[in-house]
Amino acid sequence: MINFSMTNAFVSCQQGMLLLTMAVSVKFLKPTCANGVCNKATPFQIAFFYTSLYLIAVGAGGTKPNISTFGADQFDDFNPHEKKLKVSFFNWWMFSSFTGALFATLGLVYIQENLSWGLGYGIPTVGLMLSLVIFYIGTPIYRHKARRTGHPTSDIYRVFAGAFTNRNLILPSRPSELHEFDQQYYITTGKRRIHHSAVFRFLDKAAIMQEGKDSKPRALCTVTEVEEAKLVLGMTMIWLVTLIPSTIWAQINTLFVKQGITLDRHFGSNFQLPAASLGSFVTLSMLVFVPMYDRYFVPLMRKKTGNPRGITLLQRLGIGFVIQILAIAIASAVEVKRIHVIRVHQIQRPDEIVPMSIFYLLPQYVLLGIADVFNAIGMLEFFYDQSPEEMQSLGTTFFTSGVGVGNFLNSFLVTMVDKTTGRNGGKSWIGKNVNDSHLDYYYGFLLILSALNLVAFIGASKKYIYKREAVDIEEKCVQMECKPLDVSPIQV
């Protein structure tokens, strides 16, 4: 199922990139220009251009939630060697993704600005075409996880509906009195049984068996189905406390760039560094620290904790969030220094360059890259690992949607802070003239917000209980899969 949806998504991206390349290359599809002045685009040209962008967006919406899930599904959880390799999969998947991003931000941007927009879009178009061919060639050897449930999301809705219907019933004192199929059912169907957990007990009412009722037991929700709903609810709780960190990450392409534009960007005597290019240091630091994390940090911590991942998934997120707080604290300190230099030199105009090197911003970029090694990859792996068996693409959707919501939240905060602080003729913290604003105050606000979010994250982590599955192994006996990360609420 995932393979089919990814194929359609790849095709959609391919079509979008092909149309986009045509939009900047074919003469009648782009506005005519003379002496450096271009005419207004025709309605047809605008429609053609936006059609290509929407096709790419639709394709990306199909590939991003599925491709990492499909890759992780290629590892067999019942094979000890493959299960060990799977621990590193998300590290190296993200490493390859950011390698491509680095090539795009440095190589393709240069080609587009200095050689040709058509060539700049044509190269990734050809690359995407080759990727599609390779994907098709590999189709016969991929492992395809068969869906054993018709509509997994409907089971989740049914649990909430059942819990609401039975809200006035009294929960039995022992979980064994709740409705559940015997282990033979799970052996026969190949599904994984999830053991009862003590969180969100109100949902257990969906599995209450009522004596004297004519309803068949199969019409009830099972403990496994209830636990799947609990997993989704628990992941939602963790997802909410990842939105502020996603908002902090959004500063890389917004306010950090506005800071950089005002600073001295000379590198050597002739070359001037584009302010936006400093963002490539986030990618570079990730590319450096991912191998270090996987090859050195994980084995070191594995010896101390006995955990195949070195540390738990939520501990990994917590470390990343702390590094992010340090990064935004440094950004605030650098902004305080920049404002001091502005006052000393009596700079007022927005286009005046502050005599301060742009490389003062480098530590905050590098720290955010290191933080992503912990929290970005950790979030992706957490949401995949903790999703119900039939809904693991939903887990990666949690990750991508969190990044998107974080960007929207960033825009909302900037707008509200600008309107609030600039009210009644006051000086806006985020005005158009950055040389006459108070970004240091805004960074201080983000620092406080991040610290409060970290407290909320620690609270949510202590209450979160990882899923515990019973799996059927080859000899047809039952084994409790207490994943090293999944046995109890963690201590961050």
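The following exercises, each with a worked solution, concern a predicted model.

**Exercise 1. Backbone angles**

Determine where F200 and Q346 lie, and whether each is buried, partly exposed or exposed.

*Solution.*
Step 1. Begin with the backbone of F200, which has a positive phi of about 50° although F200 is not a glycine.
Step 2. Locate F200: the residue belongs to the loop between β3 (193-194) and α7 (223-240).
Step 3. Judge its exposure. The relative accessible area of F200 is 25%, and the partly exposed class lies between 20% and 50%, so F200 is partly exposed.
Step 4. Turn to Q346, another residue that is not a glycine but has a positive phi, here about 55°. Q346 is placed in the loop between α11 (313-344) and β7 (354-357).
Step 5. The relative accessibility of Q346 is 66%; exposed means over 50%, and Q346 therefore counts as exposed.

**Exercise 2. Aromatic pairs**

Classify the ring pairs F297 with F374 and F383 with F398, and state which helices they connect.

*Solution.*
Step 1. The count for the structure comes to 19 aromatic pairs.
Step 2. One of them joins F297 and F374, with 5.9 Å centre to centre and 80° between the planes. Planes over 60 degrees apart count as edge-to-face, so this pair is edge-to-face.
Step 3. F297 lies in helix α10 (residues 280-305) and F374 in helix α12 (residues 362-386); the two are 77 residues apart, and the pair links distant parts of the chain.
Step 4. Consider exposure: F297 is partly exposed at 25% relative accessibility, whereas F374 is buried at 11%.
Step 5. In the pair of F383 and F398, the centres are 5.3 Å apart and the planes differ by 15°. An angle under 30 degrees counts as stacked, and the pair is therefore stacked.
Step 6. Because F383 lies in helix α12 and F398 in helix α13 (residues 392-421), this pair ties together parts that are 15 residues apart in sequence.
Step 7. F383 is buried at 1% relative accessibility, and F398 is buried at 11%.
Step 8. Ring pairs also place F383 and F398 in a cluster with F382, Y464 and Y466.

**Exercise 3. A charge and the cysteines**

Identify what sits over the ring of F164, and state how many disulfides a search of the whole structure finds.

*Solution.*
Step 1. Over the ring of F164 sits the charged end of R167, 4.1 Å from the ring centre.
Step 2. The search for disulfides across the whole structure finds zero.
Step 3. Examine two cysteines: C13 is buried, with a relative accessible area of 11%, and C221 is buried, with 3%.

**Exercise 4. Helix α7 and the largest cavity**

Describe the span and covering of α7, then establish what α7 gives to the lining of the largest cavity.

*Solution.*
Step 1. Helix α7 has 18 residues and reaches 26 Å from its first C-alpha to its last, close to the expected 26 Å.
Step 2. Of these 18 residues, 14 are buried, and α7 is thus mostly covered.
Step 3. The whole structure contains five cavities of 30 Å³ or more, and the largest cavity holds about 140 Å³ of space.
Step 4. The lining of the largest cavity consists of 17 residues; S197, V199, E227, L231 and I465 lie nearest its centre.
Step 5. With five residues, α7 gives the most to this lining.

Note on methods:
Residues numbered from 1 in each chain as written. Predicted model: local features only at pLDDT ≥ 70, side-chain atom pairs only at ≥ 80, totals over all residues. Heavy atoms only, no water. Helix = DSSP H or I, 4+ residues; strand = E, 2+ residues; numbered from the N terminus. Buried < 20%, exposed > 50% of the residue type's maximum accessible area, 1.4 Å probe, protein only. Phe/Tyr/Trp six-rings, centres within 6.5 Å; stacked < 30°, edge-to-face > 60°. Lys NZ or Arg CZ within 6 Å of the ring centre and 35° of its normal. Disulfide = S-S within 2.5 Å. Expected span 1.5 Å × (residues − 1). 1 Å grid on protein atoms, 1.4 Å probe; cavity = no way out; pocket = protein on both sides within 12 Å on 5 of 7 lines; lining within 4 Å. Points joined across faces, edges and corners; volume = space filled by probe spheres on them.
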